[in-house]
Amino acid sequence: MMQAGLAEGLNARGWAVMPGLLDAAQAADLAALYDGADGFRARVVMERHGFGRGEYRYFSYPLPPLVAQLRQALYPALATIANDWQARLGQAARFPARHEDFLQACHAGGQCRPTPLLLRYGPGDYNCLHQDLYGALVFPLQVAILLSQPEVDFTGGAFILTEQRPRMQSRADCVPLRQGDAVAFAVHHRPVRGARGPYRVTMRHGVGTVLSGRRHVLGMVFHDAA
Ligand SMILES: O=C(O)CCC(=O)C(=O)O
Ligand SMILES: [Fe+2]
């Protein structure tokens, strides 16, 4: 699964939209899983941890077929970009071409718990700026897929990415997403071209306050959790 402009966007600003990754029915079906009794390993109420307001649930293994397919299919193109970033940042480690091989490394290192998740926000809910790190092994790119229809299912709730450059003020981007669109983005760092070679900037993502309605998202993290 390679989309035009993926590497360009990620290299230029640390994120890129993949339009129409899911159709409306697929998005609605995934969102509806949130209320199911089974299929999840944990539920997190964000307010209890100071993460924001709203809640999310981590899927358990085996993942729902569509979630498993997306995780496997999205990975290879991102691994190519991740390896280019590793080289530019002077990091020796490289990511395997196939997600199953990367997962094996996670599991060998004690990161065995699945990280794909469904998030649900209602009026007044938001997600504080954060980085999804779950152990020593980090795959540097992740994907979020908007399952709800903006302006119809919810208002507000913009997906936000910030970039913190050394000794400079932070910059924020608000990512325009329609239902079924995915955004690929840097988990924690990305290389930026500087006059004296590449340097590293720190990225964080979050969600602005939902003003009305219900907003559902599928979060796709490629490393598993300790
Ligand atoms: O709700 C969102 O759009 C952000 C979800 C998120 O933090 C994630 O997918 O890691
Ligand atoms: Fe996140």
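**Notebook: hairpin, helices and ligand shell**

I began at the hairpin and looked up Glu163, whose bridge partner in S10 turns out to be Arg171. Since I am working on a predicted model, I take each entry here as a reading of that model. I then followed the two strands and found that S9, residues 159-164, and S10, residues 171-175, pair in the antiparallel sense over five bridges. Between the strands of this hairpin I noted six residues, and there Arg167 takes a positive phi near 60°.

Next I turned to ligand 1, and I listed the residues that surround it as Leu119, Asn127, Asp132, Ala144, Phe159, His205, Val207, Val217 and Gly219. When I asked which elements give two or more residues to this shell, I found strand S13 (197-207) and S15. Sorting the shell around ligand 1 by class, I recorded five nonpolar, three polar and one charged residues.

S15 came up again when I looked at helix H2, because I wanted to know which elements the buried residues of H2 pack against. I found helix H4 (65-88) and strand S15 (215-220) in that role. The buried residues of H2, which spans residues 24-32, are Ala27, Leu30 and Ala31. Viewed down the axis of H2, these buried residues fall within an arc of 100°, so I wrote them down as lining one face of the helix. I kept in mind that an α-helix has 3.6 residues a turn, so residues three or four places apart point the same way. On the other side of H2, I noted Ala25 and Ala32 as exposed.

For helix H1, residues 6-13, I looked up Ala12, which lies in it. Is Ala12 buried or exposed? I counted 12 C-beta neighbours inside 10 Å, and because a residue with 12 or fewer is classed as exposed, Ala12 counts as exposed. I also checked Ala12 against Arg193, and the two are 181 residues apart in sequence but 9.4 Å apart in space, taken C-alpha to C-alpha.

Last, I took the chain as a whole, and its secondary structure comes to five helices and 15 strands. Its radius of gyration is 17 Å, close to the 17 Å that the globule rule gives for 226 residues, so I entered the chain as being as compact as a globular protein of that length. Along the principal axes, the C-alpha atoms fill a box of roughly 50 × 40 × 35 Å. Buried residues make up 36% of the 226 residues. Among the contacts with a separation of 6 or more, I found that residues 24 or more positions apart account for 78%.

Note on methods: Residues are numbered from 1 along each chain as its sequence is written. Chains are lettered from A and ligands numbered from 1 in the order in which they are written. This is a predicted model: local features need pLDDT of at least 70, side-chain atom pairs count only at pLDDT 80 or more; totals for chains, interfaces and linings use all residues. Helices (H or I, at least four residues) and strands (E, at least two) are DSSP runs, numbered from the N terminus. A residue is buried if 20 or more other C-beta atoms lie within 10 Å of its own, exposed if 12 or fewer, and partly exposed in between; C-beta atoms are placed from the backbone. The arc is that of the directions from the helix axis to the C-beta atoms. Two residues are in contact if their C-beta atoms, placed from the backbone, lie within 7 Å. A residue is near a molecule or strand if its C-beta atom, placed from the backbone, lies within 6 Å of it. Ala, Val, Leu, Ile, Met, Phe, Trp, Tyr, Cys and Pro count as nonpolar, Asp, Glu, Lys and Arg as charged, and the others, Gly among them, as polar. Two strands pair if DSSP finds at least two bridges between them. The radius of gyration is taken over C-alpha atoms; the globule rule is 2.2 Å times the number of residues to the power 0.38.
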